[in-house]
Amino acid sequence: MNKLRGMEVFVAVVEGGSFSEAARELDISSVMVGKTVAQLEAHLQARLLQRNTRRQTLTEAGQAWYEECLQVLAALHAAENRIESLRRFPAGSLRISAATTLGSTVIAELCSEFQQRFPEVHIELELSDRFVDVIAEGFDFVFRIGELPADMPMVAQRIGDYRMVIAGAPAYLAQHGTPQTIEELSAHRCLRYSNWNRLNVWRNSHSALWPENATFSCNDGHALRSAALAGAGLILQPLLLLAKDIAEGRLVALLEHSLPAPRPVNLLWRQDTHCVAKHRSFIKWITLKAPEKIR
């Protein structure tokens, strides 16, 4: 038997005072009400109701069962209300992954602004250049740079283009000269992002754009930026990391006609994610705000 349904029927019988009132309240037949109460009594091996032609009363077991039913049904109702509120109002936890430089320069700020708008949402942001498994590792959202496979079992929303820039400090260029072609980079001191590999290295046409014999390597874009500002060499990094330095003259953009094509930036999520308010709100927020910052 359906125990929860049995509890609902029994409570309706007690509070309605009769099988007929319970049947009217639940929109079922009186026969079904009686059958359900009989099944409950058989299951519990206890008499719950004493009935005569004029009225019904609860047995001691019936009174105890009625009180327990009220608690169980109240807990069920509270649980249903909580899930309903999750569907309507952004609350709960979001686990998000983003590439290190993109995450630290743009995504962290967007997540902070989102959290100020929806303070009941708790965010865990993981910055890493490794390829994360969204489903296996329990991420709600992943920001991914580059073209996506056609058979990817995820939903993707393009939110911007990841543009690269080559730059150098004025002091470095005054001492070492300004390269006019990509080929001349091999004669310069170049700063290299050490997490680049054969799969993700930036390319110009079919060859690697950046010399492998770099004089300074680091796995953090912000550290490479600091080295470039100090005049240690030329840098190839995302425009969103260096744009302010270039605009204010601390770095000079170089070889602008030889840069690789921008790569798409996508927000990815599982296909079953849209049903909860915190997910819907985050997708809407990023879709609205990210294009202003990733371009």
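Colleague: Let's start at the beginning of the chain: at roughly what angle do the axes of helix α1 (residues 3–16) and helix α2 (residues 19–26) cross?

Modeller: Happy to help, and please keep in mind that this is a predicted model. Two packed helices are described by the angle between their axes and the distance between the axes. For α1 and α2, the axes come within 8 Å, and they cross at roughly 125°.

Colleague: Are α1 and α2 oblique or roughly parallel to each other, then?

Modeller: Roughly parallel is kept for angles under 35 degrees, and roughly antiparallel for those over 145. The crossing of α1 and α2 is right-handed, at roughly 125°. α1 and α2 are therefore described as oblique.

Colleague: Which residues of α2 make the contact with α1?

Modeller: On the α1 side, the contact uses R5, E8, V9, A12, V13 and G16. By class, the contact of α1 with α2 has six nonpolar, one polar and three charged residues. The residues that α2 brings are F19, E21, A22 and L26.

Colleague: Now for another pair: how are α7 and α8 oriented to each other?

Modeller: Helix α7 covers residues 221–229 and helix α8 covers residues 239–247. Their axes come within 11 Å and cross at roughly 25°, and the crossing is right-handed. Angles under 35 degrees count as roughly parallel. α7 and α8 are therefore roughly parallel.

Colleague: Which residues of α8 does α7 meet?

Modeller: From α7, the residues taking part are G221, H222, R225 and L229. By class, the contact of α7 with α8 has three nonpolar, two polar and two charged residues. The α8 residues that α7 meets are L241, L242 and D245.

Colleague: Which strands stand at the edges of the open sheet β11-β8-β12-β7-β13?

Modeller: This open sheet has five strands, and the pairing is mixed. A strand at the edge has a single partner, so one side of it is left without a neighbour in the sheet. Here the edge strands are β11 (216–218) and β13 (252–254).

Colleague: What is the bridge partner of L191 in β11?

Modeller: Strand β8 (residues 190–193) and β11 pair in the parallel sense, over three bridges. In β11, the bridge partner of L191 is F216.

Colleague: Is A230 buried or exposed?

Modeller: A230 lies in the loop between α7 and β12. Exposed means over 50% relative accessible area. A230 has a relative accessible area of 68%, so A230 is exposed.

Colleague: Where do we find the edges of the open sheet β4-β3-β5-β14-β6?

Modeller: Five strands form this sheet too, with mixed pairing. Two of the strands have a single partner each, so one side of each is left without a neighbour in the sheet. Those edge strands are β4 (121–127) and β6 (155–162).

Colleague: What angle does the direction of helix α9 make with that of β3?

Modeller: Helix α5 (residues 100–117) packs on the sheet, and its direction makes about 175° with that of β4. Helix α9 (residues 277–293) packs on the sheet as well, touching β3, β4, β5, β6 and β14. The direction of α9 makes an angle with that of β3 of about 40°.

Notes: Residues are numbered from 1 along each chain as its sequence is written. This is a predicted model: local features need pLDDT of at least 70, side-chain atom pairs count only at pLDDT 80 or more; totals for chains, interfaces and linings use all residues. Side-chain values use heavy atoms; hydrogens and water are left out. Axes are lines fitted to C-alpha atoms, for helices over the stretch in contact, and angles run from 0 to 180 degrees between N-to-C directions. Helices (H or I, at least four residues) and strands (E, at least two) are DSSP runs, numbered from the N terminus. Angles under 35 degrees count as roughly parallel, over 145 as roughly antiparallel, 65 to 115 as roughly perpendicular and the rest as oblique. A crossing is left-handed if the near helix is turned anticlockwise from the far one by less than a right angle, and right-handed if clockwise. Contact means heavy atoms within 4.5 Å. Ala, Val, Leu, Ile, Met, Phe, Trp, Tyr, Cys and Pro count as nonpolar, Asp, Glu, Lys and Arg as charged, and the others, Gly among them, as polar. Two strands pair if DSSP finds at least two bridges between them. Buried means under 20% relative accessible area, exposed over 50%, partly exposed in between (1.4 Å probe, protein chains only).
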